[in-house]
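User: I'd like to learn how to read a fold from the inside out. Can you walk me through this one?

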Amino acid sequence: MTITIRKSVGKYDKENLSDILDRAINFVKAKYPNVDFTGVDIIFSGSLSRARYYRNDYEDCKYQRPVIQVPTNREDAILYWKPSLGMVRDRVNEVGRWDITCSSIIHELTHHAQYEENRNKGEVETTNNELEYFREFRPDVWELFMND
Ligand SMILES: [Zn+2]
């Protein structure tokens, strides 16, 4: 796992990235014990509009190994709209950058697990994992997603 931190990542955010990453990795490892996440490279950037999972044999891209790109400057939690998960909204504002960064890593590593385990690449599972993250670490945010 090669970690790249772009210059656009703020100093204060940079200092917290290893803790954020540990938390995300622990989450996906517990969830997908048979998946190897060590082959995924991570690029953190303070100027991306969204997170992505790239993989050469999945769609044409410039990377030779699976890569996730994660913005570190997002303050709002914006999830896919999946009412089947019991959500009442798909957006909660001003959650804070670190929890958004962490849930974004979990989202993109879930796509890696889906790929590795030959499962549907859909967004119900990724969204459900983000909700589980919030339920565990930010119950205040989870409440807003789940209750009117
Ligand atoms: Zn996704």
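Analyst: Sure, and keep in mind that this is a predicted model. Let's begin with strand β4, residues 67-71: five of its five residues are buried, so the strand is largely enclosed by the rest of the structure.

User: Which way do the side chains of β4 point, and are they buried or exposed?

Analyst: The thing to look at is which face each residue points to. Here V67, Q69 and P71 go one way, I68 and V70 go the other, and all of them are buried.

User: Which strands pair with β4, and in what sense?

Analyst: For pairing, look at the bridges and at the relative direction of the strands. Strand β2 (residues 41-45) runs parallel to β4, with five bridges joining the two. Strand β3 (residues 52-54) is antiparallel to β4, and three bridges make that pairing.

User: What residue pairs could I click on to check the register?

Analyst: Between β2 and β4, try S45, whose bridge partner is P71, and I43, which stands opposite Q69. On the β3 side, Y53 has I68 of β4 as its bridge partner.

User: Where do the side chains of β2 point?

Analyst: Read this strand the way we read β4, face by face. I42 and F44 share one face and are buried, whereas D41, I43 and S45 point to the other face and are not buried.

User: What pairs with β2 apart from β4?

Analyst: Strand β1 (residues 3-5) does, in the parallel sense and over three bridges. To find the register there, look for I3, which has I42 as its bridge partner in β2. The chain gets from β1 to β2 through helix α1 (residues 11-31), and this β-α-β crossover is left-handed. That's a local feature of a predicted model, so inspect it in the viewer.

User: What is the strand order in the sheet?

Analyst: To get the order, chain the pairings together. They give an open sheet of four strands, β1-β2-β4-β3, with mixed pairing. β1 and β3 each have a single partner strand and stand at the edges, so one side of each is left without a neighbour in the sheet. From one strand to the next, the twist averages 15 degrees.

User: Which helix packs on the sheet, and which strands does it touch?

Analyst: That's helix α2, residues 97-116, which touches β3 and β4; its direction makes about 160 degrees with that of β4.

User: How does the chain look as a whole?

Analyst: Start by listing the elements: four helices and six strands, running β-α-β-β-β-β-β-α-α-α from the N terminus. Next comes the radius of gyration, which is 15 Å and close to the 15 Å that the globule rule gives for 148 residues, so the chain is as compact as a globular protein of that length. Along its principal axes, the C-alpha trace spans about 45 × 40 × 25 Å.

User: What share of the residues is buried?

Analyst: Buried residues make up 32% of the 148. As for contacts between residues at least 6 apart in sequence, 67% join residues at least 24 apart.

Terms used
Residues are numbered from 1 along each chain as its sequence is written. This is a predicted model: local features need pLDDT of at least 70, side-chain atom pairs count only at pLDDT 80 or more; totals for chains, interfaces and linings use all residues. A residue is buried if 20 or more other C-beta atoms lie within 10 Å of its own, exposed if 12 or fewer, and partly exposed in between; C-beta atoms are placed from the backbone. Two strands pair if DSSP finds at least two bridges between them. A crossover is right-handed if, with the strands pointing away from the viewer, the path from the first strand over the helix to the second runs clockwise. Axes are lines fitted to C-alpha atoms, for helices over the stretch in contact, and angles run from 0 to 180 degrees between N-to-C directions. Two residues are in contact if their C-beta atoms, placed from the backbone, lie within 7 Å. The radius of gyration is taken over C-alpha atoms; the globule rule is 2.2 Å times the number of residues to the power 0.38.
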